[in-house]
Amino acid sequence: MKNKTVLITGAAKNIGAAIAEELHSCGMNVIVHYNNSEEEARELVKKLNGNRHDSAISIKADLEKEDHYIPLVNTALNFKGHIDVLINNASAFYQTSLNNLNIKQWNELININLKAPLFISQLAAKSLGESKGCIINITDIHASNPLKDHTIYCISKAGLVTLTKSLAKELAPNIRVNGISPGAITWPNNMDNKTKENIINQTILKKKGNAEDIAKTIVFLINDADYITGQILNVDGGKTLLT
């Protein structure tokens, strides 16, 4: 993995930042995409470059806007001349109950969660193919078992699952494409302790995961999974076995 370059969308904080730090520790050059989290992105890049000079940059792009896709990928390519791994991690998540959902919510959730991964993958495919690289999409266990009152979000993640499998067929044999479906890894800011406890009790392992669990799975898919493509790995403590 040393000297290879990874573009991670939504990498300024939370799961994305953990992925960035883990891959950087494995020797990869890291491109941290962000939209609103500029301060966090700059601090992360400063930390990574402090550990290894000229090994990380940050790029701002609004993934809801399609005219931001080409500049994002071109700037990423200009960093080291190639993209070896693309991780479509950026995601919008909020409730959209049927009585209140609207077109603006549809456009935001579909564009960020599904449209952007498709077209960024398209733009990066040439470089990924030349290096026999891979794409990893961060999906959600609720893509197959929808979360109540989150219709648009679940549609977007179900589409991302299908996109993963479609790209795996179309980009083979030079590019592997897989997905990771996180379970209880991070909590929404407004979630109460009782709800958190109920979710944990729905897992077989009876515990919450963490961002490092996702990051380590990504290392496996990049470095040790040469014969795996078109697959969705659930990192959920066994929750999907009980639902």
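Two helices count as roughly parallel when the angle between their axes is under 35 degrees, and angles that are neither roughly parallel, roughly antiparallel nor roughly perpendicular count as oblique. This report applies that rule to a predicted model, and then turns to one strand and a few backbone details.

**Helix packing**

Helix H4 (residues 103-130) packs against H5 at an angle of about 15°, and the two axes are 9 Å apart. H4 and H5 are therefore roughly parallel to each other. Their crossing is right-handed. The residues of H4 that take part include Trp106, Leu109, Leu114 and Leu118, and they meet a set in H5 that includes Ile152, Tyr153, Leu160 and Leu163.

Helix H3 (residues 69-80) also packs against H4: the axes come within 10 Å and cross at roughly 45°. That makes H3 oblique to H4. The crossing of H3 and H4 is right-handed. On the H3 side the contacts involve Tyr69, Ile70, Leu72, Val73 and Leu77, while the H4 side includes Phe119, Ile120 and Leu123.

**Strand E6**

How many of the seven residues of strand E6 are buried? Seven of the seven residues in this strand (residues 176-182) are buried, so E6 is largely enclosed by the rest of the structure. On one side the buried residues are Arg176, Asn178, Ile180 and Pro182, and on the other they are Val177, Gly179 and Ser181, which leaves both faces covered.

E6 pairs with strand E5 (residues 134-138) in parallel, through five bridges. Within this pair, Asn137 stands opposite Gly179. Between E5 and E6 the chain passes through helix H5 (residues 151-171), and the resulting β-α-β crossover is right-handed. Strand E7 (residues 232-235) is also a parallel partner of E6, with four bridges. Here Ile180 of E6 stands opposite Leu233 of E7.

**Backbone details**

The loop between H5 and E6 contains Pro173. The peptide bond from Ala172 to Pro173 is cis, and its omega is near 5°.

Two residues other than glycine have a positive phi, as the table shows.

| Residue | Phi | Place | Relative accessibility |
|---|---|---|---|
| Asn3 | near 70° | segment before strand E1 (5-8) | 60% |
| Lys132 | near 50° | loop between H4 and E5 | 57% |

Are these residues buried or exposed? A residue is exposed when its relative accessible area is over 50%. At 60%, Asn3 therefore counts as exposed. Lys132, at 57%, is exposed as well.

Methods: Residues numbered from 1 in each chain as written. Predicted model: local features only at pLDDT ≥ 70, side-chain atom pairs only at ≥ 80, totals over all residues. Heavy atoms only, no water. Buried < 20%, exposed > 50% of the residue type's maximum accessible area, 1.4 Å probe, protein only. Helix = DSSP H or I, 4+ residues; strand = E, 2+ residues; numbered from the N terminus. Pairing = 2+ DSSP bridges. Right-handed = clockwise from strand over helix to strand, strands pointing away. Axes fitted to C-alpha atoms, helices over the stretch in contact; angles between N-to-C directions. Parallel < 35°, antiparallel > 145°, perpendicular 65-115°, else oblique. Left-handed = near helix turned anticlockwise from the far one by under 90°. Contact = heavy atoms within 4.5 Å.
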